[in-house]
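This report looks at a few local features of one chain and then at its nonpolar cores. The structure is shown first.

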Amino acid sequence: MPWFKMDTTTVLSANGKKLINPWAGGLNAAQYTKMDLNNDNVEDLIVFERTSGTISTFLAGVDPANSQKKVWIHAPAYQYRFPKIDNWMILADYDNDGFKDLFTFTPLGIMVYKQVRDGAVWSWKLVKDALYTEGLSTVVNLQVSSQDIPGIVDLDNDGDLDVITFDSQGVYIEFHQNMSMERFNVPDSLVYKRNGNCWGNFHKGDGEDFVLGEDCGVVNISPRRVMHAGNSILLHDFDGDGKKDLIIGHVSNDHISFLKNTGGNLVADFTSFTHNYPTADPISFYIFPSAYYEDVDFDGVKDLIAAPNVPNNDGNLMNYQSSNWFYHNSGTSDNANFNLVQKNFLQDQMLDVGENAAPSFFDVDGDGDLDMLVGAGGTRDGNNFRGRFWLLRNVGDKVNPVFEVASDNYLNIPASLDMYNLKPQWADFNGDGVPDLGFSGTTIRGLAYYYIPNKAANGQAVQLNPANLVAIAMPAQSQLADFPLFYDVDNDGDLDLLVGKPQGNVNYFKNTGTNKQFALQLETEAFAGITPNYEGRNVQLSVADIDLDGKQDMVTVDFSGKLRIFHSADFGKWSQRESLLIDNNGTGADPLFGAYLYAAVGDYNGDGKPDIAIGNGAGGLRLLKNKLDVTITPVEPPIEPSVKVYPNPARDFVKVLSAQNANVTVFSVNGTMIQQNISIRANQEKEISTLNWPSGLYVLEFDTGAARVVRKIVIQ
């Protein structure tokens with residue numbers, strides 16, 4: 001049974017306007033293509049985000065605020081149908097059946113999936129794990145560099161799809177002609193033959209230059225090479241002369257290049273080029289611009305979209321909040337006239353903090369509902385690159401959340417820390433009974449951890465002053481890509497440390513000191529049996545009672561892109577590990593959420609069941625609503641007759657009674673410690689004030705020394 005459902009309806013506003021797709025997940029280096037997803041004969045938008053390795057699907061729909069305006073509506077259910085994609089993808093109909101097929105990268109070159117239809121339902125069927133071509137001397141893989149995007153188009157106008165791609169050195173374009181029609185008179189055989197030594201009578205020169213006037217019939221390969229290989233190709237007749245022109249992006253360049261074709265299509269001849277394209281507001285990124293040609297403003301004419309084609313933020317010099325440039329085409333699809341409209345296409349309608357979004361839930365403003373604090377990768381500020389916190393304040397209520405972007409630089413974390421990739425956690429770091437704000441981050445000296453003491457009382461608006469930062473010394477084994485989580489593993493009243501490691505294992509450090517003076521001692525490098533593994537590297541974890549069985553579970557995300565939950569046992573001794581967690585038409589699915597993930601748990605909709613927010617490398621969030629069939633009853637059947645907690649539900653106080661001396665710790669439903677070291681004497685009723693506890697579900701853990709007993713209580 002599925003545990004969660006993707007949430008696309010919870011409201012998020014920015015600058016007074018509701019965002020159409022707030023939880024679509026962010027975009028950095030996006031690739032754009034289209035196909036009909038919902039069988040309404042209108043093509044929808046598919047976006048492959050290279051840095052996170054995720055696909056987002058958007059239906060052509062109507063603006064909720066303006067019925068006369070068409071917009072793209074995030075529809076994540078269609079994402080589940082796509083295979084795992086690496087580096088690039090192109091949708092094109094290779095067999096002329098009217099349905100687009102999928103071409104994508106494989107280390108062997110190009111992999112092809114056919115779109116298969118069963119009535120109104122479509123799916124992908126792998127038909128070629130690699131394409132082959134008759135080379136100059138033998139049959140070889142039709143190879144495409146992992147950094148490149150090839151051109152897949154009917155170049156010779158015979159009805160089958162040809163391939164043009166740069167050679168392995170990124171200097172010459174190779175033309176691989178599809179011989180299906182020539183040999184079999186059908187378009188779907190995917191049989192290729194290399195035609196000529198190069199194509200287009202040019203090769204890539206140094207820097208942004210091209211060397212024109214080559215004879216691609218016979219070419220002596222020049223020893224000149226560029227610094228790095230990596231090219232993107234867009235082939236189309238842009239100036240209306242019937243000849244397909246080239247738009248090329250190169251990995252070492254910040255400008256796009258336009259090459260004009262004055263020859264034919266099969267025997268092309270590119271005789272001039274410019275790096276200022278379009279002429280007005282030319283495309284320019286720090287590195288490797290790429291271009292895509294699709295109608296994205298619903299006027300029937302193809303537009304130009306540009307984005308960097310990079311796997312990461314090289315030198316932290318990219319602005320990933322404005323990395324998708326949209327040029328409206330006021331001409332025709334075959335005689336274009338481009339005008340820059342915006343530099344944050346789609347990004348302006350979703351939460352996009354830049355990169356490496358790391359969410360956390362807490363009632364920051366003390367109004368009884370959960371807000372979100374999101375750590376961001378970083379923003380360039382002069383010569384500094386520093387992380388920020390975004391505050392998403394819940395201005396609705398705990399049952400009907402309505403979030404708004406209250407700040408994109410909450411607390412103004414000092415530049416002097418020289419810290420980025422901030423990852424927040426709310427916990428009582430100084431032992432005063434009030435959760436503080438802790439956060440890890442990357443510095444030039446390595447991984448660092450700080451907390452800001454919260455001077456407010458429980459349930460009140462937080463009082464945080466960055467001037468009061470307290471550093472926690474990380475273990476000597478720490479690595480930059482560690483994901484630290486402070487949690488009282490041994491239930492001795494102070495915070496221990498769990499660390500998700502880049503190798504995929506989890507380290508457990510016992511705190512042999514106190515909350516005010518941490519002394520972290522390594523206990524195991526394979527907590528809960530999680531050992532190093534390649535697929536699960538960069539593991540991040542959080543703790544909460546997800547299934548409400550009275551026992552804390554562990555939530556993990558990792559480089560595989562999958563969400564997992566360890567549950568149904570005492571802490572650290574879990575016997576079950578679920579991954580088919582997301583509802584897909586009534587069955588459990590394990591969709592890919594990306595490669596650089598951060599998950600946080602919190603009951604943001606007030607139904608008493610913990611939900612999950614997943615941040616990703618593209619700077620966005622995905623929200624998952626808990627849909628487990630768990631009922632919170634007014635009076636919960638006791639687990640052990642020796643411990644009682646009443647009344648339930650409660651308002652201003654709860655009373656506890658234990659047959660044995662016990663020490664009580666109180667947790668919120670998302671695992672945050674609310675109160676600790678409450679001493680209970682055997683058979684003596686004790687009253688605990690709950691006046692400052694926000695409404696919701698709480699877990700009281702009784703430690704008698706010989707056993708631990710858990711009770712749940714609802715505060716109204």
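In this predicted model, R117 has W122, a residue of β11, as its bridge partner. The bridge belongs to an antiparallel pairing of strand β10 (residues 109–118) with strand β11 (residues 121–128), which runs over seven bridges. Two residues lie between the strands of this hairpin, and G119 takes a positive phi near 70° there.

Positive phi values also occur in residues other than glycine, and two leucines in loops are set out below.

| Residue | Phi | Loop | Relative accessible area |
|---|---|---|---|
| L411 | near 70° | between β33 (402–407) and β34 (420–427) | 19% |
| L548 | near 55° | between β42 and β43 (553–557) | 7% |

L411 counts as buried because its relative accessible area of 19% falls under the 20% cut-off, and L548 is likewise buried at 7%.

Two cis peptide bonds can be described in the same way. One joins Y277 and P278, with omega about -10°, and P278 is placed in the loop between β23 (270–274) and β24 (289–294). Another runs from Y646 to P647, with omega near -10°, and P647 lies in the loop between β51 (643–646) and β52 (653–658).

The latter proline falls within residues 645–715, which an unreviewed UniProt entry lists as "domain: Secretion system C-terminal sorting". Over these residues the chain is 61% strand and 0% helix, and the end C-alpha atoms stand 12 Å apart.

The loop between β25 (303–308) and β26 (325–329) holds S323, which is buried, with a relative accessible area of 2%. The side chain of S323 makes a polar contact of 3.3 Å with that of N324. Leaving aside residues up to four places away in sequence, S323 touches L27, N28, F285, A306, A307, P308, K343 and Q347.

The largest nonpolar core has 33 residues, of which F429, I472, F486, F527 and F571 touch the most other members. Two or more residues of this core come from each of β36 (446–452), β38 (483–487), β39 (496–500), β40 (506–511) and β42 (540–544). Both domain 2 (358–626) and domain 3 (643–715) contribute at least three residues to this core. With residues up to four places away in sequence not counted, F571 touches Y487, V489, L498, F527, V543 and Q552. A second, separate core has 32 residues, including V144, V163, L190 and V296. In soluble globular proteins, nonpolar side chains tend to be buried together.

How values were computed. Residues numbered from 1 in each chain as written. Predicted model: local features only at pLDDT ≥ 70, side-chain atom pairs only at ≥ 80, totals over all residues. Heavy atoms only, no water. Helix = DSSP H or I, 4+ residues; strand = E, 2+ residues; numbered from the N terminus. Buried < 20%, exposed > 50% of the residue type's maximum accessible area, 1.4 Å probe, protein only. Polar contact = N/O pair within 3.5 Å; in protein donor to acceptor, adjacent residues only side chain to side chain. Contact = heavy atoms within 4.5 Å. Pairing = 2+ DSSP bridges. Core = buried A, V, L, I, M, F, W, Y, C linked by side-chain atoms within 4.5 Å. Domains from an automatic or database assignment. UniProt positions renumbered as here; feature names shortened; annotations may be inferred.
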